[in-house]
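Welcome to this structure. Here are some notes to read alongside the model, set out point by point.

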Amino acid sequence: MSRNSDIILTALAPAIWGSTYLVTTEALPAGYPVTMAALRALPAGLLLLALTRCLPPRAWLGRTFLLGSFNFALFWVLLFVAAYRLPGGVAATLGSLQAMMVILMARGWLGTPIRAGAVAAAAMGILGVAFLVIGPEATLDPIGVAAGLGGAASMAAGTVLSRKWQPPVSALSFTAWQLTAGGLILLPLALVIEPPLPPLSVTNLAGLIWLSLIGAAATYALWFRGIARIEPGAVSMLGMMSPVTAVLLGWVVLGQTLSPLQALGAVIVLTSVLAGQRANRSGSADASVRRITQRTRNA
């Protein structure tokens with residue numbers, strides 16, 4: 001499969017994640033963020049484990065739980081804290097810093113060079129997200145800002161380490177391991193800090209099914225597949241598709257207004273995503289040429 005096809009399939013994941021805000025606010029009971037995160041992760045992970053029939057070997061348990069924490073447990077909890085304590089636009093803009101963090105972490109953990117084009121694309125994407133989602137009512141809460149930055153760092157670490165640690169199994173199995181681990185971390189936390197759930201309505205159950213089966217199992221399988229095939233910096237830029245989808249869904253489904261500044265922000269984000277793919281691809285090609293040249297010299 002071509003690189004462009006890999007990019008399109010990977011981009012589907014954050015595009016679908018953009019529906020999370022709509023589903024959460026319109027279909028799920030309010031006030032149970034950790035419980036909802038656990039119910040999103042654990043059933044999806046167990047279902048994928050049943051389908052793949054592939055359990056992580058003992059040597060991979062530590063890495064699996066660390067990745068499950070970074071990509072799901074810690075990330076989702078901090079994401080909910082930021083969403084509750086900050087305007088949505090501020091939280092989304094802090095989340096978009098993940099792309100810049102991935103570039104720095106990939107340098108330290110993978111030895112990936114820092115490319116000016118990739119940094120410029122990430123900075124342009126952050127600006128575009130800010131135009132897209134920050135309104136005049138934006139305020140800063142210290143705990144919310146810390147949670148937003150922590151959530152971005154958690155997802156960035158999970159992205160880079162998922163590339164660094166590639167088990168000899170399918171992306172579906174790798175996803176099953178991490179979702180299950182993340183759900184097992186979240187479940188006791190939810191039981192301790194949150195009250196019991198009220199009876200769930202049909203709408204609540206439909207929202208959970210969407211977030212668990214589509215918004216977790218299917219999309220994260222595509223995401224981890226993309227991480228294994230595409231440069232981490234390029235993958236992280238695709239994450240900026242999420243706020244674009246969220247704003248478009250709010251406009252189409254909820255009847256929210258779409259200002260000219262937001263439209264400009266969407267164009268900037270999409271342009272930055274394309275620029276990020278090109279910058280990281282050219283860097284990857286240069287690295288391949290250097291490896292071939294080195295092998296030729298050694299021969």
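1. One term first, as it is needed below: two residues are in contact when they have heavy atoms within 4.5 Å of each other. With that in hand, look at the place where helix α3 meets helix α4: P33, V34, A37, R40 and A41 on the α3 side touch W76, V77, F80 and Y84 on the α4 side. Sorted by class, this contact holds 8 nonpolar residues, no polar ones and 1 charged residue. Please keep in mind throughout that this is a predicted model.

2. How do these two helices lie against each other? Two packed helices are described by the angle between their axes and the distance between the axes. Here α3 covers residues 33-52 and α4 covers residues 61-85, and their axes come within 10 Å and cross at roughly 140°. Angles over 145 degrees would count as roughly antiparallel, and the pair is therefore described as oblique. The crossing of α3 past α4 is right-handed.

3. Now step back to the whole chain. Which kinds of secondary structure does the protein have, and how many of each? There are 13 helices and 0 strands, so a walk from the N terminus takes you through one α element after another, α-α-α-α-α-α-α-α-α-α-α-α-α. The radius of gyration is 19 Å, close to the 19 Å that the globule rule gives for 299 residues, so the protein is as compact as a globular protein of that length.

4. A few overall figures round out that view. Taken along the principal axes, the box filled by the C-alpha atoms is roughly 70 × 50 × 35 Å. Of the 299 residues, 49% count as buried. Among contacts with a separation of 6 or more, 90% are between residues 24 or more positions apart.

5. V77 is a good residue to find next, since you have already met it in α4. Leaving out residues up to four places away in sequence, V77 touches V34, F72, L186 and L189. V77 and G31 are 46 residues apart in sequence, and their C-alpha atoms are 13 Å apart in space.

6. Is S212 buried or exposed? S212 sits in helix α10, residues 202-229, and is buried, with a relative accessible area of 5%. Neighbours within four places in sequence aside, S212 is in contact with L39, R40, P43, A44 and A217. R40 also appears in the contact of α3 with α4.

7. Another buried serine is S173, with a relative accessible area of 4%. S173 is found in helix α9, residues 171-193. Beyond residues up to four places away in sequence, S173 touches T52 and C54.

8. Which part of the chain does A15 meet? A15 belongs to helix α1, residues 3-17, and touches M241 and T245, with residues up to four places away in sequence not counted. A15 and M240 are 225 residues apart in sequence, yet their C-alpha atoms are 8.5 Å apart in space.

9. Finally, have a look at helix α6, residues 98-110, where Q98, A99, M101, V102, I103, M105 and A106 are buried. An α-helix has 3.6 residues a turn, so residues three or four places apart point the same way. Just after α6 comes G111, which takes a positive phi of about 75°.

Note on methods:
Residues are numbered from 1 along each chain as its sequence is written. This is a predicted model: local features need pLDDT of at least 70, side-chain atom pairs count only at pLDDT 80 or more; totals for chains, interfaces and linings use all residues. Side-chain values use heavy atoms; hydrogens and water are left out. Axes are lines fitted to C-alpha atoms, for helices over the stretch in contact, and angles run from 0 to 180 degrees between N-to-C directions. Helices (H or I, at least four residues) and strands (E, at least two) are DSSP runs, numbered from the N terminus. Angles under 35 degrees count as roughly parallel, over 145 as roughly antiparallel, 65 to 115 as roughly perpendicular and the rest as oblique. A crossing is left-handed if the near helix is turned anticlockwise from the far one by less than a right angle, and right-handed if clockwise. Ala, Val, Leu, Ile, Met, Phe, Trp, Tyr, Cys and Pro count as nonpolar, Asp, Glu, Lys and Arg as charged, and the others, Gly among them, as polar. The radius of gyration is taken over C-alpha atoms; the globule rule is 2.2 Å times the number of residues to the power 0.38. Buried means under 20% relative accessible area, exposed over 50%, partly exposed in between (1.4 Å probe, protein chains only).
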